Amino acid sequence: MIAQLTLHERQQAILISLAVAICGLMLGLAGRNDPLGFHGALIFLAGVLTIFLIGHNYYAPEPSDERFARYYDDPSKVGIVLAMLWVVFGLAIGDWVAWQLVNPDLTFGGGWSSFGRLRPVHTTSVIFGFGGNGLIATSLYVLQRTSRARLPDQVSPWFVLFGYNLFCLIAVTGYLMGITQSKEYAEPEWYDDIVLTVVWVVYFLIYLRTLARRKEPHIYVANWYYMAFILVVAMLHIVNNLAVPVSLGHAKSYSLFSGVQDAMTQWWYGHNAVAFFLTAGFLGMMYYFLPVRAGRPLYSYRLSIISFWGITFFYMWAGSHHLHYTALPQWVQTLGMTFSLMLLIPSWASATNALLTLNGAWEKVRDDATLRFMMVAAVFYGLTTFEGSFMAIRTVNALSHYTDWTIGHVHAGALGWVAMITFGSIYAIVPWLWKREAMYSARLVEAHFWLALAGTIIYVFAMWNSGIVQGLMWRTYTESGTLAYSFVDTMIAMRPYYIARAVGGLVFLIGAALGAYNVWMTIRAPAAAADRASDLPEPRLAGTAAQPAE
Amino acid sequence: MSIFGFHYRLERKAIGLVLGIILVASIGGLVEIAPLFTIHQTVEDVPDMRLYTPLELAGRNIYIREGCYACHSQMIRTLRDDVERFGPYSLAVESKYDHPMLWGSKRTGPDLARIGGKYSDAWHVAHLINPRDVVPESVMPKYGWLERDTLRIDDLGEHLWAQQAVGVPYTQAMIDNATADAFGQATPDTNQAGEVSKRYGDATNVRDFDGDPSRVTEMDALVAYLQILGRLTNAAQSETAAVED
């Protein structure tokens, strides 16, 4: 890893790590009487450890210019491994808290192990840990190949990858200590938000600098989505996290916004974190890996244009459907509902585009579990976006809101769409990155596919049932016009569904663990395959490329 | 087609795409969020709206720390069954000083927007120590450490300062006396206790919330906060707007 860096790059990396360590030290000293001190120490240690790692190999021979004939894939490799670690951890926490709703005493007694603190550990680990690492790893891979340009340098990608994981680590350890802003999916406190902002700017600059060096005149669709993901997430993150810290020595801060304005800003953020983190980024993944794996050109270029700009425009209006019948002015609620319905058009345009791309390759879908992961992901994407538009209708939302139906909807998207497209892409990219003929075990991929599908279906059906049952019980009246069920009555009715949900989650977790094992064994196997044509920025003479262009 | 022709040229320019994405993605937020700060009717004017005392604010921060918002909403919708189950629907003004708001998104447990005064302090303490002692079917975690841990009150002045910085009208006297006020509110029959009502109004609950008068615990703060929920203003009780079936 470090042997790949030039001496100049090693010096740069040491200087950056030194700056990180100094920031950590200052934060740690300022927050020595507060949980903030722990995070200062963590940042300090991360900086110092990196300096030692580089220093240890500082005098290793420099790489030859041969490296410019290949893309720079080392950060993508590490990103994939980190994604697999995060997903197993995040799913395990998720299943643990699911069992806590069956038996609330499944804790270790301390505050860190209670539901309220573990829930954001789960969401952050799977969304940002797993999803984010998957997106960073694949985006750097796709960016280079579709631009036919190498990454601009070999330090900034590592800064992005390690900085991003430091952000996730600070977030997750913070929740366990009770550090949270309470804004869903934006829980990390002000200093961690600054870490992410810095990382994100560098990530965006890598994108622009690579695109500036591209040898393809057109920027490929996948990159539009990856760019929308980076840009809009930056916009959402900065606005929603505006806050005033209690002091520079406190982890705690107070949001700049309050009440109704805060609610609207939060759900503008929350819904578009779904749109631009969990949708746009993964559509970028889909638009590259699905056609390549299927060996088919993208079905429609025009459809992809319509869906891209439709998603970018419509989604940003839809957040207020999270606030139906609340104290938010009704004109905003109505706008949110209207745009949520229109959103179905670009969403289904993307899903259709993906599925029609498979025309002529359906026998591959049958035989290849990797491609089947991507196909099922596209189907779940279509289903979930339809369900989302449906639930945004005021009268439907009156029933579904505050119930497990929302949880079911989110997991149909997160397990069925996001995780499946990522697993499919990972099973495709791992043999390519590590130059293996195929994954270690095709049967394990097959097993993972069925476990993932079964787990998702059990989970989603359990939550549909509990959500609709609870929603209906809340609004059931007796003949004399009084409420028929107490709140506790509805909780008792949830129990069988909570057990089913926890079982579904466990099935999904087992599948992911098999996946992690399979990825690890593939990495450990000896390199067998030669470069693919798409691994080389400059096409070589006939006969040297091992595989035909895709 | 000209639109696709235009796009054919646009997608050759990285900066063009970047600016296009920023422009197209900004419109929704600008139209929906910006007016909420300028249209006066968004938040009602009520003269009797009170501020959180330092103790209640500390309790609110514990509510946030423990992630209570993940399972309890604080937003009663304008639906008949919501109102009959939890009380008058929530008004925007009631969370006017909530930085951030805690409207929530899921009711694994019941809504808490009007929980204040519904149960005794002793019930809340027992319930937080072991929810199943008072509600056998509950799946809520136990929060026994709240009773054991002493509340940190020495920095509450800084908390109030930050609240003031984001727009909550705390006075300088409130900021200066935040620590004493937190102590006084949970420790009746002291000089500090009398000061609290003077600064925060006669309706302020001044009492020993957790049944242990010797010290101010996290339990004192959280119960003080729960007992004020829905009682910062009476505006919602007098509102007579129709409820949707």
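Let's start with Ser320 of chain A and what surrounds it in this predicted model. Leaving out neighbours within four places in sequence, Ser320(A) is in contact with Met264(A), Leu328(A), Val332(A), Gln333(A), Gly336(A) and, from the other chain, Glu32(B). If you want to find Ser320(A) on the screen, look in the loop between helix H9 (301-314) and helix H10 (330-342) of chain A. Is Ser320(A) buried or exposed? Its relative accessible area is 0%, so Ser320(A) is buried.

Now please look at His401(A), another loop residue. His401(A) sits between helix H14 (394-400) and helix H15 (404-433) of chain A. With a relative accessible area of 8%, His401(A) is buried as well. Which residues does His401(A) touch, not counting those up to four places away in sequence? In chain A they are His322(A), Thr406(A) and Trp474(A), and in chain B they are Arg77(B) and Ser105(B). For a sense of distance, take Val102(A), which is 299 residues from His401(A) along the chain. The C-alpha atoms of Val102(A) and His401(A) are separated by 22 Å.

Both of those residues touch chain B, which brings us to the interface. People often express the size of an interface as the accessible area that is lost when the parts come together. Here the area buried between chain A and chain B is about 8,000 Å². Carbon and sulfur atoms give 66% of that area. The contact involves 99 residues from chain A and 89 residues from chain B.

What about the polar side of this interface? Between chain A and chain B there are 32 residue pairs in polar contact, counting pairs with both residues at pLDDT 80 or more. Which element of chain A gives the largest share of the side that touches chain B? That is helix H8 (residues 259-294) of chain A, with ten residues. By residue type, the side of chain A that touches chain B divides into 54 nonpolar, 31 polar and 14 charged residues.

How many salt bridges cross between chain A and chain B? The rule finds five. One pair you can look up is Arg152(B) with Asp34(A), whose side chains meet at 4.0 Å, N to O. This pair also belongs to a network of salt bridges that links Asp34(A), Arg152(B), Asp154(B) and Asp155(B).

Stepping back to all chains, the structure holds 32 salt bridges. Let me walk you through three pairs within single chains.

In chain A, Arg209(A) and Asp153(A) meet in a salt bridge at 3.0 Å, N to O. The pair links distant parts of the chain, 56 residues apart: Arg209(A) is in helix H6 (residues 190-212), and Asp153(A) is in the loop between helix H4 (115-147) and helix H5 (156-177) of chain A. Arg209(A) is partly exposed at 36% relative accessible area, whereas Asp153(A) counts as buried at 15%.

Over in chain B, Asp98(B) forms a salt bridge with Arg60(B), with the closest N and O atoms 3.3 Å apart. Asp98(B) lies in the loop between helix H4 (80-86) and helix H5 (121-129) of chain B, and Arg60(B) lies in helix H3 (residues 54-65), so this pair ties together parts that are 38 residues apart in sequence. Asp98(B) counts as buried, at 4% relative accessibility, and Arg60(B) counts as buried too, at 2%.

The third pair is back in chain A, where Asp65(A) forms a salt bridge with Arg67(A), with 3.8 Å between the closest N and O atoms. Asp65(A) is exposed, at 60% relative accessibility, but Arg67(A) is buried, at 14%.

To finish, a word on cysteines. A disulfide is a covalent bond between the sulfur atoms of two cysteines. How many disulfides does this structure hold over all chains? The count is zero. Take Cys68(B), which is in no disulfide; its nearest cysteine sulfur is that of Cys71(B), 8.6 Å away. Why are these two not bonded? The 8.6 Å between their sulfurs is too far for a bond, because a disulfide needs sulfur atoms within 2.5 Å. As for their surroundings, Cys68(B) is buried, with a relative accessible area of 14%, and Cys71(B) counts as buried at 12%.

Key
Residues are numbered from 1 along each chain as its sequence is written. Chains are lettered from A and ligands numbered from 1 in the order in which they are written. This is a predicted model: local features need pLDDT of at least 70, side-chain atom pairs count only at pLDDT 80 or more; totals for chains, interfaces and linings use all residues. Side-chain values use heavy atoms; hydrogens and water are left out. Contact means heavy atoms within 4.5 Å. Buried area is the accessible area (1.4 Å probe) that two parts lose on being put together, summed over both. A polar contact is a pair of N or O atoms within 3.5 Å; within protein, one must be able to donate a hydrogen and the other to accept it, and residues adjacent in sequence count only if both atoms are side-chain atoms. Helices (H or I, at least four residues) and strands (E, at least two) are DSSP runs, numbered from the N terminus. Ala, Val, Leu, Ile, Met, Phe, Trp, Tyr, Cys and Pro count as nonpolar, Asp, Glu, Lys and Arg as charged, and the others, Gly among them, as polar. Buried means under 20% relative accessible area, exposed over 50%, partly exposed in between (1.4 Å probe, protein chains only).
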